[in-house]
Amino acid sequence: MYAILHEGKANKSEDNNILKLLLKELDLDESKVKFFGFGSKINFLKKDNPRYKELLTEISEDTISKILLVADADYESNDHKYGGFENTKIELNKIVDELGIENISDLYVTRDPKTDDGYMESLIFASIPQKQKECIENFLNCSEFKSKENHKAILNQIYNMAYPKKPFDFNHSSFDELKQKLTNLFN
Amino acid sequence: MENNLLEYIEIKDFKCFKDFKAEGFKRVNLIGGKNNVGKTAFIEAIYINVHSKNIKAYIQSLTGIKLMRETLNILENLISKKEKLKIIKDLKYTLEFTNNIYTKSNINENYFKIYDENGIKEYNFKLNDKKINVNINNFSFEVEDVKNVCFIDNFGIPNNQVIHAYSYIQKIDKELLLNKILKEFDDELDAFKIIDDTAQCKKYGNYYSIVELGDGTGNLISIVAKLFQSKDGYLFIDEIENGFHYTYLDKLWEIILTISKEQNVQVFATTHSKECIESYARVSKNLEEKDVTYIKMTKLKDGSLNAGIRDYEMIQYNINDDHEVR
């Protein structure tokens, strides 16, 4: 089996939902994947997290053979150590090395590919037409909802209202890197 | 428990185990895994390891585990009045079945090997610091029970063992506790007594032998009584869920977790049941009882066996996130 480690809850989060939709889009067998929901990014950085303990146990049991870690870049301006694409990549690589799973692991840092910051919602947001994107950005910039969770929730709501029938344009180039990482996981 | 808590085990040349190690055991340990991955053999090896007190106890453990597995065959042969099985008339056979076994834990180290060369046949034993070599012609084949090391196999335990284990409840005046537990299990059960050398329960105003009641009643009495008998020792339970409706499993775990703590008993139990594992996780959380593990036995790609030990935190994580851990 393959493991995908992501933010939010396994089976009950937006991140999980998008990853499953992408697997379906790529015709990859979801039943071969075990999802580990880490909640927030900070939990990825704790080596003694029970999710890592479970993951290592399942590797030792020959159950898990390859791993993909999917964590948000967030913003360097909010967190100089762990925020932003490069910092996130550095910190995740560190923990992968500490756990001794570097030979079977790959990373994907979720972000707006153009700005190299943000989260899963930013990636989705990057896939919609420029005009609509600007409208939503203007609204979010004017709103008082500054916290990450508020921002993400509103972004989701707006997106779902604007695109109720076709939720994600997985053919958009924004998804290419993640699609490639998921394909590699199965190879 | 600090002094007698078995924390790790090393098993060599015993049944499906060639060279096996596992560590991280706690006071209560539930063992799961698919068929034929050595769940029962695993608890049998630990059972043997904790029988290093003397040679008679060690022989009892080596032969006892074989006899338990052969219970049905023994009964079938007795009932059909065929020639008795070799294992009944010949303890030598059951002992030699375990030739070459080696176990080591933080408590004991022991082995049994047969030396058979040049017309000389010897039994070689190691019990911790003591090495014993005995010519087979001089071997007594006497056995001795270690009272606080108990094994409940998947058929339960016979009447005489129930009566013996119950005496440990009587000695500390806990008869009412057993009656209360039985009442909670089935509100039509009023009391447990030994009448005419038979274990009996009162139901609808009359006493019935426990073999006439459901398997669950007998198994529950066995588990409670054996927990008291195993004070400061070890209790092994094969297929713990046998006879219990899944709705009673929470109560069963509550009993095991509570009494094993009070009586300082280390428990190793096997299961095939998802409900049983979920119940174990739920009750240990409710009781805030963290001295627990779930051990998943698996066969690795190279054919060797592995014990994946999950501590309290991992058990809770797996259950909360709906991870399949059977």
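**Nonpolar cores and the interface between chains A and B**

Leaving aside neighbours within four places in sequence, B:Ile240 is in contact with B:Leu30, B:Ile223, B:Leu252, B:Trp253, B:Ile256, B:Ala269, B:Thr270, B:Thr271 and B:Cys276. The model in which these contacts occur is a predicted one. B:Ile240 belongs to the largest nonpolar core, a set of 50 residues in which B:Phe192, B:Ile240 and B:Trp253 have the most contacts. Separate from this set is a second core of 45 residues, with B:Ile9, B:Ile48, B:Tyr58 and B:Phe151 among them.

The two chains also meet at an interface, where 17 residues of chain A are in contact with 19 residues of chain B. The size of an interface is often given as the accessible area lost when the parts come together. Between chain A and chain B about 1400 Å² is buried, and carbon and sulfur atoms account for 44% of it. Of the area that chain A buries against chain B, 37% is supplied by A:Glu54, A:Glu61 and A:Asp62, more than by any other three residues.

Four salt bridges are found between chain A and chain B. One of these joins A:Lys53 to B:Asp311, with the closest N and O atoms 2.7 Å apart. Residue pairs in polar contact between the chains, both at pLDDT 80 or more, number six. On the side of chain A that touches chain B, at least two residues come from each of β2 (33-37) and α2 (50-60) of chain A. The largest share, seven residues, is that of α2(A). By class, this side of chain A comprises nine charged, four polar and four nonpolar residues.

Terms used. Residues numbered from 1 in each chain as written. Chains lettered and ligands numbered in written order. Predicted model: local features only at pLDDT ≥ 70, side-chain atom pairs only at ≥ 80, totals over all residues. Heavy atoms only, no water. Contact = heavy atoms within 4.5 Å. Buried area = accessible area lost by both parts, 1.4 Å probe. Salt bridge = Lys/Arg side-chain N within 4 Å of Asp/Glu carboxyl O. Polar contact = N/O pair within 3.5 Å; in protein donor to acceptor, adjacent residues only side chain to side chain. Helix = DSSP H or I, 4+ residues; strand = E, 2+ residues; numbered from the N terminus. Nonpolar A, V, L, I, M, F, W, Y, C, P; charged D, E, K, R; others polar. Core = buried A, V, L, I, M, F, W, Y, C linked by side-chain atoms within 4.5 Å. Buried < 20%, exposed > 50% of the residue type's maximum accessible area, 1.4 Å probe, protein only.
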